[in-house]
Amino acid sequence: YTRKAGEEVTEQLYCFSDKGDRRVTLRPEMTPSLARIIMGTKPALPIKWFSIPQCWRYERMTRGRRREHYQWNVDVWGVQGVEAEVEVISVMVRFFTSVGITQSDVGIKVNSRGIIGALLEGLGIPEDKFAETCVLIDKLEKVPVEALKADLEELGITEEQITSLTDVLVHK
């Protein structure tokens, strides 16, 4: 994991040396393991896989986030287009329905860098501001728009662009 995980995940790893002085990491997520299986065996595609692994991450505990947790993974490999995403969302909705969870209990949010990029481009926000703008957009659920306006304006985004952007992203 330390060689292949992103910086954020690497900082959250539980790493230690075992009694044989080997470097050991507790599994922080399932994706790298599944990728190794797929790349190592080269099975016929598509592949539909689910797992509920026990995972560990050394991160700040907050409501709903614990250092040790079980994580339900549903993966579809080898399908082009949005069909795989639609199938994964369908699996989730069917599961929720089967255990009595309704839309009044939970909401499903879909995030697409492609759609966000097209929205920013349509508003005339320069491509070189994409990453910084996304970081601020991600905060909209936790921080009022007013608290982020100054940061967005520092990026060169006009008040009119901010209004248009937040009208699309904040309203449900």
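Start at the end of helix 2: the residue that follows it is Lys-42, with a positive phi near 45°. Lys-42 is not a glycine, yet its phi has that sign. Select Lys-42 and show the backbone. This is a predicted model.

**Stop 1: Lys-42 and its loop**

Lys-42 sits in the loop between helix 2 and strand 3. Is the residue buried or exposed? Lys-42 is exposed, and its relative accessible area is 61%.

Stay in this loop and select Pro-46, which also lies between helix 2 and strand 3. Now look at the peptide bond from Leu-45 to Pro-46. It is cis, with omega near 5°.

**Stop 2: helix 2**

Step back along the chain and select residues 31-41, which form helix 2. Which of its residues are buried? Colour Pro-32, Ser-33, Leu-34 and Ile-38. Next, add residues 47-51 and 73-77 to the selection. These are strand 3 and strand 6, and the buried residues of helix 2 pack against them.

**Stop 3: another positive phi**

Go to Asp-21. Its phi is near 65°, again a positive value in a residue that is not glycine. To place Asp-21, show strand 1 (15-17) and strand 2 (23-25); the residue lies in the loop between them. With a relative accessibility of 63%, Asp-21 counts as exposed.

**Stop 4: the cysteines**

How many disulfides does a search of the whole structure find? The count is zero. Select Cys-15 and Cys-55 and draw a distance between the sulfurs. For Cys-15, the closest cysteine sulfur is that of Cys-55, 14 Å away, which is too far for a bond. A disulfide would need the two sulfur atoms within 2.5 Å. Starting from Cys-55 gives the matching result: its closest cysteine sulfur belongs to Cys-15, at 14 Å, and that is too far for a bond.

Now switch on the surface. Cys-15 is partly exposed, at 30% relative accessibility. Cys-55 is buried, and its relative accessible area is 0%.

**Stop 5: helix 4**

Select residues 113-122 for helix 4, and pick out Arg-113 within it. Arg-113 counts as exposed, at 57% relative accessibility. Add Ala-131 and draw the C-alpha to C-alpha distance. The pair is 18 residues apart in sequence and 9.9 Å apart in space.

Move along helix 4 to Ile-116. Is Ile-116 buried or exposed? At 12% relative accessibility, Ile-116 counts as buried. Which residues does Ile-116 touch, leaving aside neighbours within four places in sequence? The contacts are Asn-111, Phe-130, Cys-134, Ile-137 and Leu-169. Show them as sticks. Then add Thr-133, which is 17 residues from Ile-116 along the chain; their C-alpha atoms are separated by 9.8 Å.

**Stop 6: helix 7**

Select residues 159-170. This is helix 7, and Gln-161 is found in it. Gln-161 counts as buried, with 13% relative accessibility. Now display what surrounds its side of the helix. Setting aside neighbours within four places in sequence, Gln-161 is in contact with Leu-123, Gly-124, Ile-125 and Gly-156.

**Last stop: the whole chain**

Clear the selection and show the cartoon. The protein chain has seven helices and six strands. From one end of the sequence to the other, their order is α-β-β-α-β-β-β-β-α-α-α-α-α. The radius of gyration is 20 Å, well over the 16 Å that the globule rule gives for 172 residues, so the chain is more spread out than a compact globule. Along the principal axes, the C-alpha trace spans about 60 × 40 × 35 Å.

Colour by burial next. Of the 172 residues, 24% count as buried. Then turn to the contact map. Take the contacts between residues at least 6 apart in sequence: 43% of them join residues at least 24 apart.

Put the surface back on. The accessible surface comes to about 12,800 Å², and carbon and sulfur atoms account for 54% of it. Finally, colour by charge. There are 23 positive and 26 negative side chains, and the centres of the two sets lie 11 Å apart.

Conventions
Residues numbered from 1 in each chain as written. Predicted model: local features only at pLDDT ≥ 70, side-chain atom pairs only at ≥ 80, totals over all residues. Heavy atoms only, no water. Helix = DSSP H or I, 4+ residues; strand = E, 2+ residues; numbered from the N terminus. Rg over C-alpha atoms; globule rule 2.2 N^0.38 Å. Buried < 20%, exposed > 50% of the residue type's maximum accessible area, 1.4 Å probe, protein only. Contact = heavy atoms within 4.5 Å. Areas by Shrake-Rupley, 256 points an atom, 1.4 Å probe, with all protein chains shown as cover. Lys, Arg positive; Asp, Glu negative; His and termini not counted. Charge placed at Lys NZ, Arg CZ, Asp CG, Glu CD.
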